[in-house]
Amino acid sequence: MGDIREITGLKEVESMNAFERPDARTANTDCRAIPVVDLGPLIRGEKDAIEKITAPWRDACENLGFLCVINHGVDTRLIEDMETQSRRFHDDLSVDQKMQVRVTKDQKGFIPSKATILTHSSYHAHTKLDSVECYVVATDFPDDQAEVVKGTQFYGPTPWPPEKELPGFKDSVTRYMSAIESLGLSLLPVWEAALDLSPGYFKPYFEKPYCYLRIAKYPKVDFVQENEFGLGAHADTGFMTFLPPALEPGLQILDKDKNWFWPSVPKGAIIVNIGQFLARWTNDRFRATPHRVLPPKNNDRYSFACFINTSLDAVAECLPSCRPSDSPPKYEAQSYLSFFEWYMKRTYVHYEDFTDSDSKRAETPKSAS
Ligand SMILES: O=C(O)CCC(=O)C(=O)O
Ligand SMILES: [Fe+2]
């Protein structure tokens, strides 16, 4: 498959002496509105809701690959509370406490700063490790489920900080995640209609949705070099992502002409974008759009992207409405589990420490150098 990070845009500064280069945040990057879809009719259960939403949804997915939803039904207080919970996790716990819940082979838990780089990237300008630190919460499975008993990768439990260290944290985060999961599942009829699929087509693929939440902190940085990122350019992995815009700027999106821009989003909206698993399912009719985060200047930045995906064992084979008439589909049928595993091994340096049957915790993640 094509590398989603074949991205340029820094050439003009490459020839400059390091001391003459401007702060990367001051580069000539415009601010643009992204498509806005009103989910009010769907949330209110109006009869013609799907018809109203389908055309703008399809248009956004086939072009920018990013949109935002308003009147989405997620209580503002839940979003505000997640901001508080993110700060509590990152700022109230000590490094030792965070390392007690460090990331497991299942990609759940705390990932310290400078642990991430897309090691399969051909985007040579991005040579530094990302400054983001994050805590990942993901769907847990019953203890007696066969894969859990066997220790299959991604089926193990989320390591939570003890309740006495962060009272109410688990409860708040779980409540937020289930609100976003419900929103995602309520949108399945919209995805089906936008892809000309029969009603209910996606339902069996979402029997046990595998969802995860990245509770991230981007520390403020005085000066940002041109190949330095909070989170380097990437496209998300799964089906759909929900991201309430962070209070500090930082997110940039790559348009179809390979220009980066800062998205502007109405107050209260939630950003929605497409992951690579859905994009390959649609034979790239829907776009898994590269995006990145520049470190903030004035204040630390907190974000909580929630990824709503199919069941881990769901197999995506080019959708009937996306099959090319004159050639085979670009991608082989693949399960979400095997795609996710492929992606994670190439994204996190700590994955060198894990094998499928290895249930031990990672040691401190290695640096890439
Ligand atoms: O922090 C943000 O605004 C975006 C985060 C993101 O892209 C991700 O976690 O995949
Ligand atoms: Fe992302």
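A residue counts as near a molecule if its C-beta atom, placed from the backbone, lies within 6 Å of it. With that in mind, welcome to this predicted model, where ligand 1 is surrounded by residues including Arg214, Asp236, His291 and Ser303. A good strand to follow through the structure is S13 (301–308), one of those that supply at least two residues of the shell around ligand 1.

**Around ligand 1**
- The shell also holds Ala216, Leu231, Leu243, Ala246, Leu251, Val293 and Ala305.
- By character, its residues split into seven nonpolar, two polar and two charged.
- Alongside S13, strands S6 (211–218) and S12 (291–293) each give at least two residues to this shell.

**Strand S13 and its partners**
- Eight of the eight residues of S13 are buried, so the rest of the structure largely encloses this strand.
- In a regular strand, side chains alternate between the two faces of the sheet.
- Both faces of S13 are covered, with Arg301, Ser303, Ala305 and Phe307 buried on one side and Tyr302, Phe304, Cys306 and Ile308 buried on the other.
- S6 pairs with S13 in the antiparallel sense over eight bridges, and Ala216 stands opposite Ser303.
- Strand S8 (residues 240–243) also runs antiparallel to S13, joined to it by three bridges; here Thr241 stands opposite Phe307.

**The nonpolar core**
- The largest nonpolar core has 88 residues, and Val136, Leu213, Phe242 and Cys306 have the most contacts inside it.
- Beyond its neighbours within four places in sequence, Phe242 is in contact with Cys306 and Ile308, as well as Ile180, Leu183, Gly184, Ile270 and Val272.

How values were computed
Residues numbered from 1 in each chain as written. Chains lettered and ligands numbered in written order. Predicted model: local features only at pLDDT ≥ 70, side-chain atom pairs only at ≥ 80, totals over all residues. Helix = DSSP H or I, 4+ residues; strand = E, 2+ residues; numbered from the N terminus. Nonpolar A, V, L, I, M, F, W, Y, C, P; charged D, E, K, R; others polar. Core = buried A, V, L, I, M, F, W, Y, C linked by C-beta atoms within 7 Å. Buried ≥ 20, exposed ≤ 12 C-beta atoms within 10 Å, placed from the backbone. Contact = placed C-beta atoms within 7 Å. Pairing = 2+ DSSP bridges.
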